[in-house]
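Visitor: I am new to this structure. Please show me how to read its features.

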Amino acid sequence: MSKKQELITHFNQLEFNINQFCHHLTKQDRIQACVFSLPEVLKGDEHNEVSSIFVDKHVGIDAINHTIELFKLLFIHNKSESVSNKAAIRLPGAIVIEASLPDYHLFQSLITDINQLKLSIKNIVTQVDESHRFEFIRESLHGLLTLNTYRTITSIVDVDTVRFGWANKKVINKVTQEQMLSRLQASLESGRTPSHMQREHWQLQLENEIALIRSLPHDAILKTQRPVKVQPIARVWDKESQKQVQYPCATPLLIFAVEKSLEDITVGELSDYHVDQIALRHRPRSKPVELLIPRLNLYIER
């Protein structure tokens, strides 16, 4: 089976399982749903600084419908043309289901299969050389929203409280000189040029960046340091284990009340985000770095 056919087969099974999951979700009688929709990011606004986010609360059937809509949103053409394809669509919140043991096992089986298929699809795509990845996806599943497709479902059982908040962070990864050179060389050889640049200027820029990396000492420590826009999070408290776990909450958490009832589980609110109201917690001291290539967020330790 070719990579293209393998991707399509996995995706068709994923769509089927998501539909089964959503159908089963709508059949639940004992359910408490609360989600918070965030403003849509319009095309051209992806890199704007965010100083405030105003949320809209949805409960009950409305919340379930919003959740199902997001779980099924896997293609660009199924959303508004004015909304950015580069910005993540986020719907923090929680769906609490008081389930019998057979129902719980059915849900868990579906969630496990869905998450495994999502992981398999991501692995198939990321095994394709980065310079050919866009064409591979376009030829296999035109308009696929990869972020929504890769995003797994989080499920937890019999916790006591769920509180929501906001987090700011940076994603920092160490990279080797060989990895950066391979990436730049692939871009040079691919022949693709950003729409806002002339081909000759783009090639010259890549050649200069390659020369810069080659001129570094062999023991240079390189890092990509990419700021991540403020993200909604969920803090889940389990009284029995006296433990709090923090989860990213781009999609609603699925919380199952198996030995508890709906009334035993408290779901909190998500307040609007205001940048000047976020308290900075202790952060480990990091080594000083110098920016090398701004477009790649590439830094060198000094």
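Guide: We begin with a term. Domain bounds come from an automatic or database domain assignment. This is a predicted model. Here the chain is divided into domain 1 (3-164 + 229-273) and domain 2 (172-224).

Visitor: How many Å apart are the C-alpha centres of domain 1 and domain 2?

Guide: The C-alpha centres lie 35 Å apart. Four residues from domain 1 and four residues from domain 2 make the contact.

Visitor: What area is buried between domain 1 and domain 2?

Guide: About 300 Å² is buried there. Carbon and sulfur atoms give 48% of that area.

Visitor: How many salt bridges does the rule find across the interface of domain 1 and domain 2?

Guide: The rule finds one salt bridge across that interface. As for polar contact, the count between the two domains is zero residue pairs, taking both residues at pLDDT 80 or more.

Visitor: Now the sheet. How do strands of a sheet pair?

Guide: Strands pair through backbone hydrogen bonds, either parallel or antiparallel. In this model, five strands form an open sheet with mixed pairing. Their order is S3-S1-S4-S9-S5. Strand S3 (56-59) and strand S5 (155-157) are the edge strands, and each pairs on one side only. From one strand to the next, the twist averages 20 degrees.

Visitor: In which sense do strand S1 and strand S4 pair?

Guide: S1 (residues 31-37) and S4 (residues 93-98) pair in the antiparallel sense, over five bridges. Val 35 stands opposite Gly 93 in S4.

Visitor: Which strands does helix H2 lie across?

Guide: Helix H2 (residues 60-72) lies across S1, S3, S4 and strand S9 (253-257). H2 runs at about 65 degrees to S1.

Conventions:
Residues are numbered from 1 along each chain as its sequence is written. This is a predicted model: local features need pLDDT of at least 70, side-chain atom pairs count only at pLDDT 80 or more; totals for chains, interfaces and linings use all residues. Side-chain values use heavy atoms; hydrogens and water are left out. Two strands pair if DSSP finds at least two bridges between them. Helices (H or I, at least four residues) and strands (E, at least two) are DSSP runs, numbered from the N terminus. Axes are lines fitted to C-alpha atoms, for helices over the stretch in contact, and angles run from 0 to 180 degrees between N-to-C directions. Contact means heavy atoms within 4.5 Å. Buried area is the accessible area (1.4 Å probe) that two parts lose on being put together, summed over both. A salt bridge is a side-chain nitrogen of Lys or Arg within 4 Å of a carboxyl oxygen of Asp or Glu. A polar contact is a pair of N or O atoms within 3.5 Å; within protein, one must be able to donate a hydrogen and the other to accept it, and residues adjacent in sequence count only if both atoms are side-chain atoms.
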